[in-house]
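This report considers selected features of one protein structure. Please keep the sequence and the structure in view while reading.

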Amino acid sequence: MNWNQFGYICRVNSSKTLSTEQKDELSTQSHLNMYANSGSHSKLAHNLVTQIASQDEATSQKQAAYYQCLPELVNEFKFEHKGWLSYLTIVFVIYVLSSLLYQSFVVPTFVEIYSKHTVSLNHVFDDYFTYWYVPIILLVLLLSVIFTVILKLKNVSALTELKPFSGLFKFLIPRQLINEHNSLITTLLFPSNHKKGVKASTPQTQHLAQCELLGLETQEEFKALLKQQLKLLNTHIKSFISKLVIVYGLVIVVSICLFVKAAYQPLFMLGEVL
């Protein structure tokens, strides 16, 4: 189930004019298929629909009224990742092609020239050309990690999972981002998890609980807080990815410097030989 299908289910279940039978009929797969091609699958959306469907009529209607704002918010703050991935891939491909072309066509020419003289090739080619593949392997590993992190954060931004940070991601993702996501999910689950008399666990849910206790309509406040938290999470995700790109760029720059230094060494030695 994607978020647009989820929004449709919420609109149906929040209706005060439809009967239970009419709501069930409108919630069948044939109606859901009208929204099937707009968005990726979300386990979180599926879990929320299951939660709404398991409640009594009044509770289900109330929760659906809260949650029908989610598709709009998710689409508004959806993280665009293709630009980052394209940029990193292009930079890596250019570097690898340059290295391969030099190693395949230029180095053999120098080897042939110096083999006709008494100059030792060890004085002409430094360790870079012996281990020229090592920087490429390191870049592949670093690029794989960055790609994995970007794709995971894209799913986090789209709210596809309830607990996305497991395994290695606990160490790869900054604690600040993890805490912000956890706080966001706690706010998102407020309509289904909050019970009167039970202390809320975050400042946002405490605020919503107090508003509800004093008689304020909390649906708009719920939407406003979610929007604020999604915006903050999205901003910090982009900031973190920018830092990863900078680290990757520094590694590329160092690799290019070593490549240029090693590439010019045979030219300088050629002048001495001739």
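The following sections discuss a predicted model, beginning with a helix and ending with a lysine.

## Helix α14

Helix α14 spans residues 203-213, and its buried residues are Gln204, Thr205, Leu208, Ala209, Cys211 and Glu212. These residues lie on the same side of α14, because they cover an arc of only 160° around the axis. A general rule helps in reading such a pattern: an α-helix has 3.6 residues a turn, so residues three or four places apart point the same way.

Pro203 and Leu213, on the other side of α14, are exposed. Just after this helix, Gly215 adopts a positive phi of about 95°.

## A nonpolar surface patch

Six side chains deserve attention here: Tyr131, Tyr133, Val134, Ile137, Leu138 and Leu141 make a nonpolar surface patch of about 570 Å². One of them, Val134, belongs to helix α10, which comprises residues 133-157. Val134 has a relative accessible area of 33% and is therefore classed as partly exposed, a class that lies between the cut-offs of 20% and 50%.

## Lys23 and its surroundings

Lys23 is part of helix α2, residues 20-26. Is Lys23 buried or exposed? Lys23 is buried, because its relative accessible area is 5%, and buried means under 20%.

Which backbone oxygen does the side chain of Lys23 reach at 3.1 Å? That oxygen belongs to Asn13. In addition, a polar atom of the Lys23 side chain lies 3.1 Å from the backbone oxygen of Ser15. Leaving aside neighbours within four places in sequence, the residues in contact with Lys23 include Val12, Leu18, Glu57 and Gln61.

Conventions:
Residues numbered from 1 in each chain as written. Predicted model: local features only at pLDDT ≥ 70, side-chain atom pairs only at ≥ 80, totals over all residues. Heavy atoms only, no water. Buried < 20%, exposed > 50% of the residue type's maximum accessible area, 1.4 Å probe, protein only. Helix = DSSP H or I, 4+ residues; strand = E, 2+ residues; numbered from the N terminus. Arc of directions from axis to C-beta. Patch = residues over 30% accessible without salt bridge, like charges linked within 9 Å, V, L, I, M, F, W, Y side chains within 5 Å. Areas by Shrake-Rupley, 256 points an atom, 1.4 Å probe, with all protein chains shown as cover. Salt bridge = Lys/Arg side-chain N within 4 Å of Asp/Glu carboxyl O. Polar contact = N/O pair within 3.5 Å; in protein donor to acceptor, adjacent residues only side chain to side chain. Contact = heavy atoms within 4.5 Å.
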